[in-house]
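Hi there,

Here is the structure I promised to pass on. Have a look at it first, and then read on for what turned up.

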Amino acid sequence: MNGNETENVRLELNWERFMADNDMEWVVKPVSWDEGAFIGNGLIGAMIYGEENAKKRNVLRFVAGRTDVTATRTDDPGFRPRVPVGELDLELEGMIYHPTSMRLDLWNAELRAVLTTTRGEVRVRAFVHSEAEVMAVELETTEGEAGARLAWYANSEVDPVLKHADGINMNQYIPAEEVDKTTGNDGISFSIQRFAPGEGCVTAWKEARAAEGRRSIWYVSVVNGHDEKAKEQAAAAVRNASARDFDSWVDAHRGWWHRYYRQSFVSIPDGRLESFYWIQMYKLASATRADRPLIDNQGPWLAPTPWPGIWFNMNVQMSYSPVYAANRLEIGESLVRALDENREHLIGNVPEPFRHDSAGLGRSCSYDLKSEVGDEVGNLAWICHNVWRHYRYSMDDEMLRNVLYPILRRSMNYYFHILEEGEDGRLHLPPTISPEYGSFMGTRVRDCHYDLALIRWGCKTLLAISERLGEADPTCWKWLHVLDRLTPLPVDETGFMIGRDTPLAYGHRHFSHLLAVFPLHLLGCDREEDRELIATSLRHWIGKEGDLRGFSLTGAASIAAKLGWGNEAFRLLQALLLIIKPNTMYKEAGPVIETPLAGAEAIHDMLLQSWGGTIRIFPAVPDEWRDAAFHDLRAEGAFLVSAVRRDGITRFIRVRSLAGEPCIVLTGWTGVVRWRKAGTDAAEATVDLGTKEADIALDLQKGEEAILYPDGELPDLRIRPVSPSGRPVRYFGGHKPWRLYGFPF
């Protein structure tokens, strides 16, 4: 085997054809947020669906949203919530009838539809441009639908039949608004919505008609604010887009998405889960970008909800969880930037006597991160764990020094102010909240697992950062002192407890009492006593079914994957699919998007794990997955990892170092393993692992890569999609359960 051979690892894939099988498809008109088609560019978005009320069967709605449009409440002193903007309605001559079809093309990030009506037919193409704050809707009509038109309605103007189609949520604040509509000399129209001085939004649009035929293109932009500057910004976006050659403008939009998807590749033999996974990758980049607001509970697709903001006791953390292994770190930069830009507000969230050295974050807030810390103390520390993951997957020391280190240090300092020394000489916590346990009762517990786990992780991480940066922090003695004297995590015969004297006695939808296991990974599975504790805790938690939710299943799946229980993780994700909405969104009392995104992380955890300094390849593959493949997934230490599994055996692994960090790989193999650095004349190395699985240390400098494979001939180094039999092609979108059973023939 020579260096040139190792360089032949390549992904052989027709991306467009592969993604087409994962598209969302509707064979009838969607009629709710739960099953609508969604488009977005991280700031502006639209949920597209219709209505079955007889008065509105001729309407296809583009319910628009812009994530940074908020309003000051006049009924309550709470944070500035997200508020509805309005919608662009396609109003047809006839009622939408059969056959009607819609398809969300993931590869090109655009919706295409053929709407059959009682009067004719309308072809629709719609997308939110990836590089401009503009939504485009292209229409082509037959003669019977020559009068079809698009009309913009500010939220207060939307017909109540449409506005309340998804229910009336009395918990949501809707501001009173004044609406002015004007049209300029250049054909650009405006809807100016004023909520209060300085608050509101401007929507601008323009219709461009083809010289011949019945084809037209609408360009629509929504801008936060209602002054002349906002109006000109919206007009400029529409003017610039409509002045471009449409086809080249579309190509630029598509090019961004094509580059985005190619950052990594995953293929598994379960067709539904594979499609679900790729839709989540689409959803991530539709919900935020590096320079856009962070992901809140709904992304750009605001709907009636009691949660029109950002929740930090789970939602944000889970929404960002898949970006790291998926090698899509630019998506995570929106979270890093939000913390960096609002650190003064984080400081202001703690009581004044502690602001000299502390910071914190309450449960919920707007994009300014103003949220006073109450009895739920650990939210900022948990968010810091996401930023730590961003660091570990990138090894960006500048971000570590300038953003994470100072914020994590302040979050720990706040804990230090409230720790109390007990009669046993240990440091204890006063009563705090374990998120979501006994929520309506406001249950507080002493020595809460959630907080103790975060303190232990935070102190260990601060010591690691100090060592990494070579900076002797004058307060590092505190971290060592706390680690030495902090009371242990409470445990009983059922596993980890909620807190001291508080066992898990009834259903608990959150895994806040298991944070030490996942995602903090404070204990692993190498020691039998740790493994048994994790397994006992997981069984007891999931056995209390009374308050489980979709996000309970994703957390449980990741914990099962940590234990190597691939079959159990697979079953938990199959259960998740039973409650995910047809368009892969999720909904309880209101729509939220963190649960399906966390489901994508659970799939990663079955294929690749990299906590505790070890990269684990196919650590929790279920028995049914005889074949699987991934390319350029990212691991801690900034490694890009590729691997192929065929007939139940891992055929080869490729590891590429982006930062020159220490590299330890657990391959799942036994016996002799061969490996060699690519593109070098270095001799091929062999490692005899014996009869038990063991890890392999690879000496890789920055930019180097190695191929590993079991003893024998060099395997086929091509990475291709898995080809499952009976695959339910385009299962998501409209609900199509028959596709699970091979219909239509």
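Let me start on the inside. Please keep in mind that this is a predicted model. The largest nonpolar core holds 225 residues, and the members that touch the most others are Phe62, Leu90, Val137, Tyr261, Ile617, Phe630 and Leu698. Helix α11, which covers residues 397–418, gives this core its largest share, with 12 residues. A second core, made of 20 residues, lies apart from it and includes Phe190, Ala230, Val238 and Phe246.

If you want one spot to zoom in on, try Leu698. Leaving aside residues up to four places away in sequence, Leu698 touches Val655, Cys663, Val665, Trp675, Ala706 and Leu708.

Now for the chain as a whole. The protein chain contains 17 helices and 35 strands. Its C-alpha trace spans about 75 × 65 × 45 Å along the principal axes. A compact globule of 745 residues would be expected to have a radius of gyration near 27 Å, so the 27 Å of this chain agrees with that. Of the 745 residues, 61% count as buried. Taking contacts between residues at least 6 apart in sequence, 66% join residues at least 24 apart.

As for the outside, the accessible surface of the chain is about 27,900 Å², and carbon and sulfur atoms account for 47% of that. The chain has 84 positive and 105 negative charges, and the mean positions of the two sets are 2 Å apart.

Enjoy exploring!

Best wishes

Key. Residues are numbered from 1 along each chain as its sequence is written. This is a predicted model: local features need pLDDT of at least 70, side-chain atom pairs count only at pLDDT 80 or more; totals for chains, interfaces and linings use all residues. Side-chain values use heavy atoms; hydrogens and water are left out. Helices (H or I, at least four residues) and strands (E, at least two) are DSSP runs, numbered from the N terminus. The radius of gyration is taken over C-alpha atoms; the globule rule is 2.2 Å times the number of residues to the power 0.38. Buried means under 20% relative accessible area, exposed over 50%, partly exposed in between (1.4 Å probe, protein chains only). Contact means heavy atoms within 4.5 Å. Accessible areas come from the Shrake-Rupley method with a 1.4 Å probe; for residues, only the protein chains shown count as cover. Lys and Arg count as positive and Asp and Glu as negative; His and the chain ends are not counted. The place of a charge is taken as NZ of Lys, CZ of Arg, CG of Asp or CD of Glu. A nonpolar core is a set of buried Ala, Val, Leu, Ile, Met, Phe, Trp, Tyr and Cys residues joined through side-chain atoms within 4.5 Å.
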